[in-house]
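User: I'm new to reading protein structures. Could you walk me through one, feature by feature?

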Amino acid sequence: MTQITLHNTATRRKELFQPIDEANVRMYVCGPTVYDRAHLGNARPVVVFDVLFRLLRFVFGESHVAYVRNFTDVDDKINARAAETGRSIRQITNETSQWYLDDMGALGTLTPTHMPRATEWIAPMVSMIEGLIDRDHAYEAEGHVLFRVRSYKEYGALSGRSVDDMIAGARVEVAPYKEDPMDFVLWKPSDAETPGWDSPWGRGRPGWHIECSAMSYELLGEAFDIHGGGNDLQFPHHENEIAQSRCMGHGFAKVWLHNEMLQVEGKKMSKSLGNFFTVRDLLDQGVSGAVIRFVFLQTHYRKPMDWTEKKRAEAETTLRKWAKASSGVTPAADVDEGVLIALSDDLNTAGAIARLHALFGNDDIPHLLSALNLMGIDLNDSAGDGNAPEGVSKLIEALLVDRAQARQNRDFARADLLRDGFVAAGVLVKDTKDGAEWELTSNFDLTKLEALK
Ligand code: AMP
Ligand code: ZN
């Protein structure tokens, strides 16, 4: 059997993966808060853990792997969106969850085994909170229930930091009803306008962290194999999940995996920074899901990565070339050893892709195809038509009109600026007797092109 090694955040080492039960391999990944379209960064964990899900299914058998990814459908951001738009919370969360499934499906991801919505699991959350109060790890104060962080000695072990260091570095909310500023909310009161459920502490709603502890317990049991998410969730979300579950006497997750961030010019892509574009934006521009997936997998999940136009263009060229070579070819029944070795080595997807290039170079198209299947890369979705995405074509055409006008108006400064700008942006323009023709080179840079507007 293929041996898989995974880098465990909790031990900071690469470890041989040994499931608790090979017949029931279990993985939990924190899912989205559903109030808006997923941005490209949100898609990175989805693709990374989809590759792991596929690898586990390949090694242990499809029916022996359970993958849970939740929907957070109770959250103050959702309440705010409902208040802004006058729409109901349920309309917003239903619509956004479906968008998420459509957009992530377009990236070739398999549907997880279970996709629990937090609002359907309130009772198990309430009973876990009661258990924590019984065990003196939580206390009620002014309609809130708070987790007593100092009662869990190993708090911070996942990130290897002490509670005091974390307080110093974090924006912890000080509130009069807290025993300690570090204590976090398990339950909070709801007013008449806010969604709420009856509980021993009055009408209210759960804090965010408790949902993952409660739903993983219900669906995967008190101990399971893998817990994943972006490394921005390590603290406080994952530290809090561990504290809650361990204080209930649960073993919880054995192996912790965290993907690094998708960045824009060195900064994490995020809603709050405003430096984001959505997966749907890219799909609408004509970038295929397979191309997005291929670009992601070229970078190892524990390294930060940027999305660039150049990577997009190169991925498109590669996948188009492979699609052309594979027409009429049947995939091999087995998977190339080199690809498996790379994927099993802490999901070395970059190494696996290097091997795909080698298989193509050796004319071994059947094994190229079986490896692509394992990695979820669909060549039928990759090809595009050889043209630039529609938005890019329109922009170039508009700039060419602009250049023609500048020439006509004898505005040579503007015309020269556009000519040099095309070169710098990696757009090759040829003036022919029938007008200007253009093509994108591998240096194409959308940001530079947009700066010419
Ligand atoms: P959120 O809805 O912000 O809680 O994020 C959902 C998932 O996307 C979490 O696993 C985050 O860690 C992940 N995530 C958010 N932003 C990024 C990013 N820029 N790069 C990679 N993963 C991200
Ligand atoms: Zn979680």
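Analyst: Sure, we'll go through domains, then sheets, then helix packing. One thing up front: this is a predicted model.

User: Okay, domains to begin with. Into which domains is the protein divided?

Analyst: There's domain 1 (5-259), domain 3 (392-450), and domain 2, which is written in two pieces (281-297 + 307-381).

User: How far apart do the C-alpha centres of domain 1 and domain 2 lie?

Analyst: They lie 32 Å apart. The contact takes 19 residues from domain 1 and 22 residues from domain 2.

User: Now sheets. How do I read one?

Analyst: The general idea is that strands of a sheet pair through backbone hydrogen bonds, either parallel or antiparallel. So you look for the order of the strands and the sense of the pairing. Here, one open sheet has four strands in the order S4-S3-S9-S10, with parallel pairing.

User: Which strands stand at the edges of that sheet?

Analyst: Strand S4 (65-69) and strand S10 (252-259). Each has a single partner strand, so one side of each is left without a neighbour in the sheet. From one strand to the next, the twist averages 20°.

User: Can you zoom in on one pair?

Analyst: Try strand S3 (residues 25-29) and strand S9 (residues 223-230), which run parallel and are joined by three bridges. On S9, the residue opposite Tyr28 is His227. While you're there, find helix H6 (residues 209-220): it lies across S3, S4, S9 and S10, and runs at about 160° to S3.

User: Where can I see antiparallel pairing?

Analyst: Strand S6 (residues 144-147) and strand S7 (residues 184-189) run antiparallel, with three bridges joining them. Look for Leu146, which stands opposite Val185 in S7. S7 also pairs with strand S8 (residues 204-206), again in the antiparallel sense over three bridges. There, Lys188 has Arg205 of S8 as its bridge partner.

User: What about the pairing in the open sheet of three strands?

Analyst: That one is mixed, and the order is S12-S11-S13. Strand S12 (267-268) and strand S13 (305-306) are the edge strands, each pairing on one side only. Strand S11 (residues 262-264) pairs with S12 in the antiparallel sense over two bridges. Within that pair, Gln263 has Lys268 as its bridge partner.

User: Last topic: how do I describe two helices that pack together?

Analyst: Two packed helices are described by the angle between their axes and the distance between the axes. Take helix H11 (residues 337-344) and helix H13 (residues 365-375): their axes come within 10 Å and cross at roughly 25°. Angles under 35 degrees count as roughly parallel, so that's what we call H11 and H13. Their crossing is right-handed.

User: Which residues of H11 and H13 make the contact?

Analyst: H11 brings Val339, Leu340 and Leu343, while H13 brings Ala371, Leu374 and Met375. By class, that's six nonpolar, no polar and no charged.

User: And how does helix H1 cross H11?

Analyst: The axes of helix H1 (residues 40-60) and H11 come within 11 Å and cross at roughly 120°. That makes H1 oblique to H11, and the crossing is left-handed. The contact is made by Val51, Leu55 and Phe58 of H1, together with Leu340, Leu343 and Ser344 of H11. Sorted by class, this contact has five nonpolar, one polar and no charged residues.

User: So Leu340 and Leu343 turn up in the contact with H13 and in the contact with H1!

Analyst: Yes, H11 uses Leu340 and Leu343 in its contact with H13 and in its contact with H1.

Terms used
Residues are numbered from 1 along each chain as its sequence is written. Chains are lettered from A and ligands numbered from 1 in the order in which they are written. This is a predicted model: local features need pLDDT of at least 70, side-chain atom pairs count only at pLDDT 80 or more; totals for chains, interfaces and linings use all residues. Side-chain values use heavy atoms; hydrogens and water are left out. Axes are lines fitted to C-alpha atoms, for helices over the stretch in contact, and angles run from 0 to 180 degrees between N-to-C directions. Angles under 35 degrees count as roughly parallel, over 145 as roughly antiparallel, 65 to 115 as roughly perpendicular and the rest as oblique. A crossing is left-handed if the near helix is turned anticlockwise from the far one by less than a right angle, and right-handed if clockwise. Contact means heavy atoms within 4.5 Å. Ala, Val, Leu, Ile, Met, Phe, Trp, Tyr, Cys and Pro count as nonpolar, Asp, Glu, Lys and Arg as charged, and the others, Gly among them, as polar. Two strands pair if DSSP finds at least two bridges between them. Domain bounds come from an automatic or database domain assignment.
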